[in-house]
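Colleague: Could you take a close look at one part of this model for me, and show how it sits within the rest of the chain?

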Amino acid sequence: NPRPRLFRLTRERAVINRLGFNSAGHGAVLGNLLTRRRPRPGPVGVNLGKNADSTDAADDYTTGVRAFAGTADYLVVNVSSPNTPGLRALQSRDALRGLLQAVHGALADTGRENPPPLLLKVAPDLTEDDKQDIAEVASKQGLGGIIATNTTLDRSGLSSPHREEKGGLPGAPLFEKSPRVLARLAQVTEGQIPLIGVGGISSAEDAYAKIR
């Protein structure tokens, strides 16, 4: 996305960003992973999203799956970035079901004996119905996990000069919302799906609160 696209909210210990999925493309990323990955420790996840000008979101995701299934330890189906037009609409029940079916099909087509798990990254600005729908679809589609959450569009209680800029808000204010979404997803999935808590963590205490 065009600059400026990053704004610091000093009072709130946060930023607003509208970076978009800024990247040199699949080829460049794959080349970096193949040449630099080892012996770097820890798992490597690849975050997949659709292009801003895409007319076929599923094709973007499945192309990413085919490109990175042999390199990533896990693949993330990101349907929650607020900076890509139409992306969050993919969190609705029918759209999400169709997308995940396409992604699973692409992963099966790679023919890998031990394919990387698929995780779903969701937004913090979900209704109760959204959370229930996501949990049901994720369970039926056999996802390897849910990542909760991405950045928020909520500007409640902010006073910094850049508070009205468009984009996603990470940082300390997100910690007021993201853990509640995580907790609710834990309830509605009944412990059957691994959850990864992200968003607003700025200390070891915050990280432990997410775990709790």
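Modeller: The protein carries 27 positive and 22 negative side chains, with Lys and Arg counted as positive, Asp and Glu as negative, and His and the chain ends left out. The centres of the two sets lie 7 Å apart, each charge being placed at NZ of Lys, CZ of Arg, CG of Asp or CD of Glu.

A word on ground rules. This is a predicted model, in which local features need pLDDT of at least 70 and side-chain atom pairs count only at pLDDT 80 or more, while totals for chains, interfaces and linings use all residues. Residues are numbered from 1 along each chain as its sequence is written, and side-chain values use heavy atoms, with hydrogens and water left out.

Now the setting. The protein has 6 helices and 7 strands; these are DSSP runs, H or I of at least four residues for helices and E of at least two for strands, numbered from the N terminus. In sequence order they give the pattern β-β-α-β-α-β-α-β-α-β-α-β-α. The radius of gyration of the protein is 17 Å, close to the 17 Å from the globule rule for 212 residues, so the protein is as compact as a globular protein of that length. That radius is taken over C-alpha atoms, and the rule is 2.2 Å times the number of residues to the power 0.38. Along its principal axes, the C-alpha trace spans about 50 × 40 × 40 Å.

Of the 212 residues, 42% count as buried, where buried means under 20% relative accessible area, exposed over 50%, and partly exposed in between (1.4 Å probe, protein chains only). The protein exposes about 11300 Å², and carbon and sulfur atoms supply 50% of that area; accessible areas come from the Shrake-Rupley method with a 1.4 Å probe, with only the protein chains shown counting as cover for residues. Among contacts with a separation of 6 or more, 72% are between residues 24 or more positions apart; contact means heavy atoms within 4.5 Å.

The part I would pick for you is the hairpin of strand 1 and strand 2. Just ahead of it, P4 lies in the segment before strand 1 (6-9), and a cis peptide bond with omega of about -5° joins R3 and P4. Strand 1 then shows an alternation of side chains: F7 and L9 point to one face and are buried, whereas L6 and R8 point to the other face and are not. Strand 1 and strand 2 run antiparallel and are joined by 4 bridges; two strands pair if DSSP finds at least two bridges between them. One of the buried residues, F7, has I16 in strand 2 as its bridge partner.

Between the two strands of the hairpin there are 4 residues. R13 lies in this loop, ahead of strand 2 (14-17). R13 is not a glycine, yet its phi is positive, at about 55°. R13 is exposed, with a relative accessible area of 58%.

You can set the hairpin beside another pair of strands. Strand 3 (residues 45-48) also alternates, with V46 and L48 pointing to one face and buried, and G45 and N47 pointing to the other and not buried. Strand 3 and strand 4 (residues 74-78) run parallel, with 4 bridges between them. Here V46 has L75 as its bridge partner in strand 4.

The backbone features of the hairpin region have counterparts further along. A148 and T149 are joined by a cis peptide bond with omega of about 15°, and T149 is in the loop between strand 6 (145-148) and helix 5 (178-189). E190, another residue other than glycine, has a positive phi near 55°. E190 sits in the loop between helix 5 and strand 7 (195-197), and at 62% relative accessibility E190 counts as exposed.

For a view of helix packing, follow helix 2 (residues 57-68), which holds A67. T62, also placed in helix 2, is buried at 9% relative accessible area. Leaving aside neighbours within four places in sequence, T62 is in contact with A102, V103 and A106. A67 is partly exposed at 25% relative accessibility and touches H26 and L30, not counting residues up to four places away.
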